[in-house]
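Me: I would like to go through some structural labels and ask what stands behind each one. Please keep the replies brisk.

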Amino acid sequence: MQQGQPMIIMGDDAQRVQDKDAQEYNISAARGVAESVRSTLGPKGMDKMLVDSMGDVTITNDGVTILQTMDIDNPTAEMVVEVAETQEDEAGDGTTSAVAIAGELLKNAEDLLEQDIHPTAVIKGFNLASEYAREQIDEVATAVEPDDTETLRNVAETSMTGKGAELDKDVLADLVVRAVQGVTVAADDGSHVVDLANLNIETRTGRAAGESRLLTGAAIDKDPVHEDMPTDFESANVLLLNDPIEVEEADVDTSVNVDSPDQLQKFLDQEEEQLREKVDKIVESGADVVFCQKGIDDLAQHYLAKEGVLAVRRTKKSDLTFLKNVLDAPIVTDLDSLTADDLAVGSVERDADEELFYVEGEDAHGVTLLLYGTTEHVVDELERGIQDAIDVVSTTVSDGRTLPGGGAVEVELARRLRDYADSVEGREQLAVEAFADSLELIPRVLAENAGLDAIDLLVDLRAAHEAGDEHAGLNVFAGEVVDTAEAGVVETAHAKEQAIASAAEAANLVLKIDDIISAGDLSTSGGDDEGGAPGGGMGGMGGMGGAM
């Protein structure tokens, strides 16, 4: 107050939500995100159809794809989406689990806040529980060797189950394991490194997924630039080129006045000579095949065909980079500096039916997974499922640990956390117990999504783990508790550690906020949506769910 007048600090359009209202607003937004993907979890999870503003349709049950495609317009909700993105980047799978656990942590935290437990006590308890749970994962985990094909195949099949790849998971899991093992190298310290840069995925429609295959080398979806060019070479000198085989153009706009047809012909002859020189450089280097990222002039195509050189233009940058790994060859950026040393030896074969070139180096450093699907939507979802399977198998090879699936590890961790809570003093003990309850969301949702009685099955699971069966998990197809490790339902330990860590940190970040100050409405796009929380009330989810 100054001389009886209020001091105006915030603008007229600014909004502010404080204390309990802010906590309720944030928790509500985060739980909204978590609940939007819960129904996709597990072998019996359902798919979502997402239609964007352009009318493009995506049908998937992949958590991170759903959250990235949805039109989310709420700052807190976007923080939870980051959990899924981080999980995808670090572990390759488990995005839905991470987001669902984060939402359940906030739900249970809300109950604690209503009991007048301070957020800092809840946050400390969650931190203690998260750290202890990750330590226990290492004790529960089983070691796996990179050449243990059966276990790696089980990891791949578990990741695929419930996704588009499930129907042909036997064939596809075998392809995934072989692909990952094909790009795995042993490091000097004895560890194993999976170089996924040497693994490429090519998709085609019109055939069943079970007909997918693994190729040694690269598959390039391009045609020869000239119909008279040869297409098959057993041992070819291959040139990877990032320089156009076209007439060089001036950097600035120019105009030329021509007085006679002879002068015009001289310009045309000069252009033809430039193209001839470029082709001669390629031929003199000894190149049999040219994969060019840029354009190739029609006249140059004719000259190359006459010389018996196969040329492909507009090769994708990603394909050219992959060919570099496959052939162990440099990418030439200037034809003037081209020498025979810039070429690599490899076989090139044309599949006319698939309209693909198969390229294999003498010592191949890459493999290609050729995936088939009946339609574009089917093959897109298949590719997402295969990519997740590749990520978890490669993580398992690098990390060397697996865990029993079907909710077994969550129930075991919850049991150990409740025992651990007895040793925690103060109100943090309640937060540790709430963390344990939150982990049991996973088996509950697995059961619910399968149409089973979640309460009865959770009671049976707890009893089995109390009796010492650490691998007891759900068989959602039979509706009973089984040894999931023995049944071949296994997950990578790293993904579970990352999911628990990400969920706990996201929940703590939300709980620590007690004041929201916005220059406009509480949205991230600054649009006209009624997404804010005027007057300190609860805000909506903004554009959340607009794409659903």
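The questions below take up strand pairing first and helix packing second, in a predicted model.

Me: What makes E10 and E14 count as a pair of strands?

Reply: Strands pair if DSSP finds at least two bridges between them. Four bridges join E10 (residues 233-241) to E14 (residues 344-351), so they are paired. The two run antiparallel. One bridge links Val 238 to Ala 344 in E14.

Me: How do you know that E10 and E13 pair?

Reply: The cut-off is at least two bridges. E10 and E13 (residues 331-332) have two, so they pair. The sense is parallel.

Me: Which strand pairs with E10 over four bridges in the parallel sense?

Reply: That is E11, residues 289-292.

Me: Which residues are the bridge partners of Leu 240 in E11 and in E13?

Reply: In E11 the partner is Phe 291. In E13 the partner is Ile 331.

Me: Why are H14 and H15 called oblique?

Reply: H14 (residues 441-449) and H15 (residues 454-466) pack at about 135 degrees. Roughly perpendicular covers 65 to 115, and roughly antiparallel needs over 145. The angle fits neither range, so the helices are oblique to each other. Their axes lie 9 Å apart, and the crossing is right-handed.

Me: What makes up the contact of H14 with H15, by residue and by class?

Reply: From H14 come Pro 443, Arg 444, Ala 447 and Glu 448. They meet Ala 454, Leu 457, Leu 458 and Leu 461 in H15. By class, six residues are nonpolar, two are charged and none is polar. Arg and Glu count as charged, so Arg 444 and Glu 448 are the two charged residues.

Definitions and conventions. Residues numbered from 1 in each chain as written. Predicted model: local features only at pLDDT ≥ 70, side-chain atom pairs only at ≥ 80, totals over all residues. Heavy atoms only, no water. Axes fitted to C-alpha atoms, helices over the stretch in contact; angles between N-to-C directions. Parallel < 35°, antiparallel > 145°, perpendicular 65-115°, else oblique. Left-handed = near helix turned anticlockwise from the far one by under 90°. Contact = heavy atoms within 4.5 Å.
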